[in-house]
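Biologist: Hello! Could you walk me through this protein chain, one question at a time?

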Amino acid sequence: MTAGLSLAVMAGQFVPRASDAAYAVLFGLAENLAIMAVLFAHPAIRRAIRPMLGLPRHPFELAGIGLLRWILGGGLAFLCFFLALIVTQLWLPQSLATLIPVETPHTFDLAKAEPLQSITRYLLLPVAATMEELVFRAGIFLVLANLNAGPAVIVLVSATAFGLAHTTSGATAMAFAFLAGIGQMGVFLMWRSLPPLIFGHYIYNLWRT
């Protein structure tokens, strides 16, 4: 099911989006919430993901250390996106941008100049970050771990799927998502905790939108 959802998210990039920001935001919210609802509807997946929704902590640690590690994890997640941005802007050839043209404006881009920008920021951005971390980090990890895949394979498959999910945003966006996905899965494998990743992902999207 998780693999199917990953493919559905990637295929969903090719669904024509409304040119009106209001409908684009509503469609984005409905799409992301539906994907998470389907994911948590499966009892086995729900049981497997539930432990990942807690904060990273170790037994017998002092009070507050878990919160510090939550902040550190969120900072590392943000850094993964930031470094991926630097690499794609400074070190990738400009000709890469023309390999896959951008077919439709992204929902976030549509809403930038609209009154619904605040709704995009405070509703769609955290929902989108949560959905992507659930599917492309936790979900793909569960599938590949059950197949006894090693960490390198898990990181590579997750990053590739995350990159392909941004196909219609252009080749540069795909490269950016691939690089960010490598770092995000690396952080996830360190603590097996989703909240720091979601927090860092959301803060980056908030900063860039």
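Below, a biologist asks and a modeller answers, going from the whole chain to single residues.

Modeller: Happy to help, and please keep in mind that this is a predicted model.

Biologist: Let us start broadly. How many helices and how many strands are there in the chain?

Modeller: Following the chain along its sequence gives the pattern α-α-α-α-α-α-α-α-α. Every symbol in that pattern is an α. The count is therefore 9 helices and 0 strands.

Biologist: What share of the residues of the chain count as buried?

Modeller: A residue is called buried when its relative accessible area is under 20%. The chain has 209 residues to which this can be applied. The share that counts as buried is 44%.

Biologist: And what share of the contacts with a separation of 6 or more comes from residues 24 or more positions apart?

Modeller: Here we set aside pairs that are close in sequence and keep contacts with a separation of 6 or more. Among those, we pick the ones that join residues 24 or more positions apart. Their share is 78%.

Biologist: Now for helix 6. How far apart are its end C-alpha atoms, and what span should its residues give?

Modeller: Helix 6 covers residues 117-146, which is 30 residues. At 1.5 Å a residue, they should span 44 Å. The distance between the end C-alpha atoms agrees with this, at 41 Å.

Biologist: Where in helix 6 does a kink lie?

Modeller: A useful landmark is the proline Pro126. Shortly before this proline, helix 6 has a kink of about 35°. The residue at the kink is Leu124.

Biologist: At what angle do helix 6 and helix 7 cross?

Modeller: The axes of the two helices come within 10 Å of each other. Their crossing is right-handed. The crossing angle of helix 6 and helix 7 is roughly 145°.

Biologist: Which residues meet where helix 6 contacts helix 7, and how many of them are nonpolar?

Modeller: On the helix 6 side are Glu132, Phe136, Arg137, Ile140, Phe141, Leu144 and Ala145. On the helix 7 side are Val153, Ile154, Val157, Ser158, Ala161 and Phe162. Sorted by class, this contact has 2 charged residues, 1 polar residue and a nonpolar count of 10.

Biologist: Ser158 is in that list. Is Ser158 buried or exposed?

Modeller: Ser158 sits in helix 7. Beyond its sequence neighbours up to four places away, Ser158 touches Phe136, Arg137, Ile140 and Met185. The C-alpha atoms of Ser158 and Phe136 are 5.8 Å apart, although their positions lie 22 residues apart along the chain. With a relative accessible area of 0%, Ser158 is buried.

Biologist: Let us visit helix 9. Is His201 buried or exposed there?

Modeller: His201 belongs to helix 9, where other buried residues include Tyr202 and Tyr204. Leaving aside neighbours within four places, His201 is in contact with Phe81, Ala129, Glu132, Glu133, Arg137, Phe162 and Gln184. Because its relative accessibility is 2%, below the 20% cut-off, His201 counts as buried.

Biologist: What is the phi of Asn148, and why is it worth a look?

Modeller: Most residues other than glycine have a negative phi, so a positive one stands out. Asn148 is not a glycine, and its place is in the loop between helix 6 and helix 7. Asn148 is also exposed, with a relative accessible area of 72%. Its phi is positive, about 60°.

Biologist: Where is Arg192 found, and what is its phi?

Modeller: Arg192 is found in the loop between helix 8 and helix 9. Arg192 is partly exposed, at a relative accessible area of 41%. Although Arg192 is not a glycine, its phi is positive, at about 55°.

Biologist: One last stop. Is Val102 buried or exposed?

Modeller: Val102 lies in the loop between helix 4 and helix 5. Not counting residues up to four places away, Val102 touches Thr168, Ser169 and Gly170. Its relative accessibility is 53%, and the cut-off is over 50%, so Val102 counts as exposed.

Notes. Residues are numbered from 1 along each chain as its sequence is written. This is a predicted model: local features need pLDDT of at least 70, side-chain atom pairs count only at pLDDT 80 or more; totals for chains, interfaces and linings use all residues. Side-chain values use heavy atoms; hydrogens and water are left out. Helices (H or I, at least four residues) and strands (E, at least two) are DSSP runs, numbered from the N terminus. The expected span of a helix is 1.5 Å times one less than its number of residues. The bend at a residue is the angle between axes fitted to the seven residues ending there and the seven starting there. Buried means under 20% relative accessible area, exposed over 50%, partly exposed in between (1.4 Å probe, protein chains only). Axes are lines fitted to C-alpha atoms, for helices over the stretch in contact, and angles run from 0 to 180 degrees between N-to-C directions. A crossing is left-handed if the near helix is turned anticlockwise from the far one by less than a right angle, and right-handed if clockwise. Contact means heavy atoms within 4.5 Å. Ala, Val, Leu, Ile, Met, Phe, Trp, Tyr, Cys and Pro count as nonpolar, Asp, Glu, Lys and Arg as charged, and the others, Gly among them, as polar.
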